[in-house]
Amino acid sequence: MSENVVHLHKPTDPPTPDTAPTVLTVVPDAPPARPVPLWVRSGRAIKTGVTHDKTRATVRAAARHSLYTFNGGRIVARRAWDGRTGSRYERMIRAAEAAGNLEAAEEWEERLQRFRAARHHRRMDLLHSPVEAAKGVAVGAGMSIGVLVALGVVMAINTGHVGDVITPLSATIDFIALLIRIVQIVWGPALTIGPFLALLALWSVGRKQQAAPAWALPANVRSSEGEPITPSIVVKALRDLGVPALARAIKEMGDAGASMLGPIRIAGCGVEVDVTLPSGVATNEVQNKRRKLAENLTRHEHEVFITIPEAARTVRLWIADSGALDEPIGPSPLVTDETLTANYKTGRAPWGQDLRGDAAELSVYQRHLLVTGLSNQGKTAALRALALWLALDRTVQFWIADLKGVGDWAPFDGIAKVLIEGPSDSHCIQATEMVEDAVEEMNRRIEAVRKDPSLVFPPLIVLVDEAQKAFMCPAKGEDGRPYGGAKATSRYFMAVREIHNQGRAVDVLMWQGTQDPTDQNLPKLVREGAHTRASLVVGTESQAEMALGAKAVNAGAAPHLLRQGLDKGTLVVASDGIAIPAGQSSITVRTHFIDDEPAAEIAARAKALRDGVATLHAIDRGEERDALADVAAVIGDAPRMRTDEVLKRLHALDTAVYRSWNNVRLKRLLEEHGEEPKKSHGVMVVRRDDVARALANRDTDGSASASQ
């Protein structure tokens, strides 16, 4: 029976420490723990022993060295078989045929025939060799005895002893007897040690070839991080890709599977190789296995890029050095070189580096731009880096709408003529009106060029960041047209389309940044109107096609395979304004990140080049106009005027105010004052007397209200 334990403690709420009574509490002892059964303890001990690191290392070492010896024997046997037969030539013939290289196949066929002919001559010689060998031995033995006897005769003449005639012969016989004795002594141990030496030789061959499974290899070999890319590694990776036709073709090729490969070239922080696939294997079968191929090459998925060059049945593999893509690429030349300038027409913006480590420079001359991707992946930074470079060309004008409104574009205050910052619907409306003003500027320039083709206008960059908010804006104008949307009634959509259609001819360019593209927030006609399309990481392949186009994605562009959060600032770019390797339709660029402080310094250099720009932070629509009085003014003394002519004259009177007016809006204005357009000879017109009466009624109503 267990003893009880007495604990002393005080109440939880004593009135005072001095007066608190002491309370005795009896707490029984906990029951003793049940003993663990022997079979459980034994199982745990066995499991611990089996799973211990030393046990694993011992098993791995035993398996490794055993397999070195076994597979070394296979390698030696294979080499011996290849040396004695024409199997090596036959494998090369099959490889050449599989690769479609008939000339190489014929050459190897000729070599095989020559090998067989030489082997036949050697075998025929062996039929006559025993007799010839016996004759040779007899002649050699006779000549040797004759020489020894002659030597003995010379010795006997010299010494005067007849017995010296056989001295050389007897010495030779004694030497031969000694050799026989040595062989008799060594033969027994040699028979015992010989098999061990043979096994050691086979083990050495297997060890040099690492002829054991990966799990049995030493830790420093088993961890193949940074393993150099060799032809054999690439062939094995393709063979184990899980494409049956490819595996069968490589198996038939044997070791000559490397004939599929072009030269392995160093390309920046990795290597590049072209692989000509055998007949029956499509390029998309390899593209769809990107992750498995990367793992077969001991790389992560993001470290292997597969593109389709111009050559048929060929895939181009770019394989990064292990971990190289996780290293930063360094600061932008805009930050490190304070003397750097820009030229809109002939210059190229230093945007970043491609995967080969070469500088990626983009020409923006007369090219509309679209940058898209998921949120917080570096879209604004990529756009701002281009704009900061272009700001160093003092002739370039900027109209900017930042619909995020957190200060990313604040450095352009004093550079941009218009800078709208904010996420609300009113800011989206202002952004839409800014783009519509750009359309008016474009039309003005086009009209001026028609009259004088020699005119040259300063480049105008109309930039809308977070443009998806403008497309999704639910607000409507006075005429009932929505500001957002993807239909022909959408004011923002139509304004962007007009700039895409004609803006580049007069250097009015549309730059947009948008996130998570869909058909609703990035209509097809808008995204396809951009000459330079760049995408950060996106969620799906369909979004990648929206961002870059189906052609680029089908040719290997894969922004949907970038790593969210880890590949910030990495863009897949489809444009003729950047150097793209021959045969590819896109290039992957790791953009330079320019932080806010250096961005402000670059912007200060850009401001110093300019004469001072007064930045508007909202579109100024001018003072309120008296629409009814304006209608009366444009009609003038005419008794009546067609409604479309009235609208045209109102538009000429104040474009900013009357741009969006139509027949419905004009009719509503007159109806508010008790009048409305009427038909004359089947055409809607506005009568001068009706407008005058409406003005008189309004003035009378206003006077009556004032008197009251």
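In this predicted model, Ile182 is partly exposed, with a relative accessible area of 42%, and this residue is found in helix H5, which comprises residues 167-208. Ile182 also contributes to a nonpolar surface patch of about 730 Å², the other contributors being Phe175, Ile176, Leu178, Leu179, Ile180, Ile185 and Val186.

Aromatic contacts form a further group of features, and the structure holds eight aromatic pairs. One of these pairs joins Phe471 and Tyr492 in an edge-to-face arrangement, with the ring centres 4.9 Å apart and an angle of 90° between the planes. Because Phe471 lies in helix H14 (residues 468-471) and Tyr492 in helix H15 (residues 491-502), the pair ties together parts of the chain that are 21 residues apart in sequence. Both partners are assigned to the buried class: Phe471 has a relative accessible area of 2%, and Tyr492 has a relative accessibility of 0%. Elsewhere, ring pairs link Tyr89, Trp108 and Phe115 into a cluster. Within that cluster, Trp108 has an additional neighbour in Arg111, which lies over the face of the Trp108 ring at 4.4 Å from the ring centre. An arrangement of this kind is also found for Arg290, which lies over the face of Phe305 at a distance of 4.9 Å from the ring centre.

The backbone was examined for positive phi values outside glycine. Thr298, although not a glycine, has a positive phi of about 55°, and its place is in the loop between helix H10 (290-296) and strand E5 (304-307). With a relative accessible area of 23%, Thr298 is partly exposed. Glu466, likewise a residue other than glycine, has a positive phi near 60°, and is placed in the loop between strand E12 (460-465) and helix H14. In contrast to the partly exposed Thr298, Glu466 counts as buried, at 4% relative accessibility. Helix H14, which follows the loop that holds Glu466, is also the helix that contains Phe471 of the edge-to-face pair described above.

Cysteine pairing was considered next. A disulfide is a covalent bond between the sulfur atoms of two cysteines. The structure holds zero disulfides; Cys428 is in no disulfide, and the nearest cysteine sulfur, that of Cys473, is 4.8 Å away. Seen from the other residue, the cysteine sulfur closest to that of Cys473 is in Cys428, and the separation of 4.8 Å is too far for a bond, given that a disulfide is assigned to sulfur atoms within 2.5 Å. The unbonded state of this pair is accompanied by burial of both residues, since Cys428 counts as buried at 1% relative accessibility and Cys473 is buried with a relative accessible area of 5%.

A last set of values concerns Trp351, which is found in strand E7 (residues 349-354). Trp351 is buried, with a relative accessible area of 0%. The C-alpha atom of Trp351 is separated by 7.7 Å from that of Ala382, although these two residues are 31 residues apart along the chain.

Terms used
Residues are numbered from 1 along each chain as its sequence is written. This is a predicted model: local features need pLDDT of at least 70, side-chain atom pairs count only at pLDDT 80 or more; totals for chains, interfaces and linings use all residues. Side-chain values use heavy atoms; hydrogens and water are left out. Rings of Phe, Tyr and Trp (its six-membered ring) pair if their centres lie within 6.5 Å; planes under 30 degrees apart count as stacked, over 60 as edge-to-face and the rest as tilted. Helices (H or I, at least four residues) and strands (E, at least two) are DSSP runs, numbered from the N terminus. Buried means under 20% relative accessible area, exposed over 50%, partly exposed in between (1.4 Å probe, protein chains only). A charge sits over a ring if NZ of Lys or CZ of Arg is within 6 Å of the ring centre and within 35 degrees of the ring normal. Patches are made of residues with over 30% relative accessible area and no salt bridge: like charges are joined within 9 Å, nonpolar side chains (Val, Leu, Ile, Met, Phe, Trp, Tyr) within 5 Å. Accessible areas come from the Shrake-Rupley method with a 1.4 Å probe; for residues, only the protein chains shown count as cover. A salt bridge is a side-chain nitrogen of Lys or Arg within 4 Å of a carboxyl oxygen of Asp or Glu.
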